[in-house]
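Walk me through this fold, starting from its strands and ending with its helices.

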Amino acid sequence: MTSILTGDIINSRKKSDAFWLQALKETLKTFGESPNNWQVYRGDSFQLEIKNAEQALYAALKIKSYLKSTEEIDVRIGIGIGKKAYEDVNITESNGEAFINSGFAFDNYLKKQNLAIKTPWQEIDEEINIALDLALLTIDSWTQNSAEVFNLSLENKEATQKDIANILGITQGRVSERQKRAGFEPIMNLETRFRKIINQKISEK
């Protein structure tokens with residue numbers, strides 16, 4: 001059981017490639033090597049495999065917050081969870097249930113929201129996609145500062161607000177305000193819930 005993230009840059013044609021491509025590759029590199037673990041293709045699209053499926057939402061949040069914090073760029077991401085039937089050197093040439101589900105989520109669910117999931121379990125899809133729809137009310141309105149604090153808080157879970165304040169050169173109070181505006185605590189509660197239910201479902205198979 002694995003997870004595949006299929007995504008693309010929103011309104012990429014309105015920006016030069018150099019404006020967002022480097023930032024996208026920088027964050028994808030933190031998950032592994034290209035072209036086996038991730039690949040950018042068709043100019044503004046990408047695929048990424050997160051082999052621990054319960055970490056798929058974390059990866060999506062990391063990508064979205066990093067891009068918004070560096071270049072104020074947003075992405076659409078369809079998460080697919082399932083089995084992998086064939087593995088190629090290039091991730092875009094691999095296939096299986098996870099790839100099919102990711103493509104289905106991208107092609108069908110992202111017409112109304114820019115982050116969605118398709119799994120082998122319909123009840124999980126319904127619960128998580130409703131929760132994501134609500135979370136996106138906050139995520140879609142992230143400013144560059146909010147996304148930056150969210151990303152730092154996400155990547156440094158043991159860091160205190162004071163630690164993050166020192167990194168950014170702002171006050172602890174400002175960090176607290178930006179975390180609240182970014183919806184950090186409730187969104188991370190959703191991420192924790194996601195991990196729990198995906199782990200439970202995988203262990204049942």
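Strand 2 (38–41) and strand 3 (residues 45–50) pair in the antiparallel sense, over 4 bridges. Two strands count as paired if DSSP finds at least two bridges between them. Helices (H or I, at least four residues) and strands (E, at least two) are DSSP runs, numbered from the N terminus. The model is predicted: local features need pLDDT of at least 70, side-chain atom pairs count only at pLDDT 80 or more, and totals for chains, interfaces and linings use all residues. Residues are numbered from 1 along each chain as its sequence is written, and side-chain values use heavy atoms, with hydrogens and water left out.

Look at the pairs in this ladder. Gln39 has Gln47 of strand 3 as its bridge partner. Trp38 stands opposite Leu48 in strand 3. The two strands form a hairpin with 3 residues between them. In that turn, Arg42 has a positive phi of about 50°.

Strand 3 also pairs with strand 1 (2–9). These two run antiparallel and are joined by 6 bridges. One of the pairs is Asp8 with Ser45 of strand 3.

How buried is strand 3? Buried means under 20% relative accessible area, exposed means over 50%, and partly exposed lies in between (1.4 Å probe, protein chains only). In strand 3, 6 of the 6 residues are buried, so the strand is largely enclosed by the rest of the structure. In a regular strand the side chains alternate between the two faces of the sheet. Both faces of strand 3 are covered. Ser45, Gln47 and Glu49 are buried on one side, and Phe46, Leu48 and Ile50 on the other.

Now take the whole sheet. It is open and has 5 strands, in the order 2-3-1-4-5, with mixed pairing. Strand 2 and strand 5 (115–118) stand at the edges. Each has a single partner strand, so one side of each is left without a neighbour in the sheet. Neighbouring strands are turned by 15° against each other on average, direction ignored. Helix 2 (residues 56–71) packs on this sheet. Contact means heavy atoms within 4.5 Å. Helix 2 touches strand 1, strand 3, strand 4 (75–82) and strand 5. Its direction makes about 170° with that of strand 4. Axes are lines fitted to C-alpha atoms, for helices over the stretch in contact, and angles run from 0 to 180 degrees between N-to-C directions.

Helix 1 (residues 17–29) contains Thr27. At 3% relative accessibility, Thr27 counts as buried. It touches Lys62, Ile63 and Tyr66, not counting residues up to four places away in sequence. The loop between helix 1 and strand 2 holds Pro35. The peptide bond from Ser34 to Pro35 is cis, with omega near 10°.

Next comes helix 3 (residues 97–108), with 12 residues. From its first C-alpha to its last, helix 3 reaches 16 Å, close to the 16 Å expected at 1.5 Å a residue. The expected span is 1.5 Å times one less than the number of residues. Its buried residues are Ala98, Phe99, Asn101, Ser102, Ala105 and Phe106. They cover an arc of only 165° around the axis, which puts them on the same side of helix 3. That arc is taken from the directions from the helix axis to the C-beta atoms. The buried residues pack against strand 1, strand 3, strand 4 and strand 5. The face turned away from the buried side carries the exposed residues Ile100 and Asp107.

Helix 4 (residues 122–139) has 18 residues, which should span 26 Å at 1.5 Å a residue. Its end C-alpha atoms are 24 Å apart, which agrees. Among its buried residues are Ile124, Ile128, Leu132 and Ile139. Their cover includes helix 2, strand 5 and helix 8 (184–204).

Helix 5 (residues 144–155) has buried residues including Val149, Phe150 and Leu152. The buried residues of helix 5 pack against helix 2, helix 6, helix 7 and helix 8.

How do helix 6 and helix 7 pack? Helix 6 (residues 161–168) and helix 7 (residues 172–182) meet at an angle of about 105°, with their axes 8 Å apart. They are therefore roughly perpendicular to each other. Angles under 35 degrees count as roughly parallel, over 145 as roughly antiparallel, 65 to 115 as roughly perpendicular and the rest as oblique. Gln161, Lys162, Ile164 and Ala165 of helix 6 make the contact with Gln172, Val175, Ser176 and Gln179 of helix 7.
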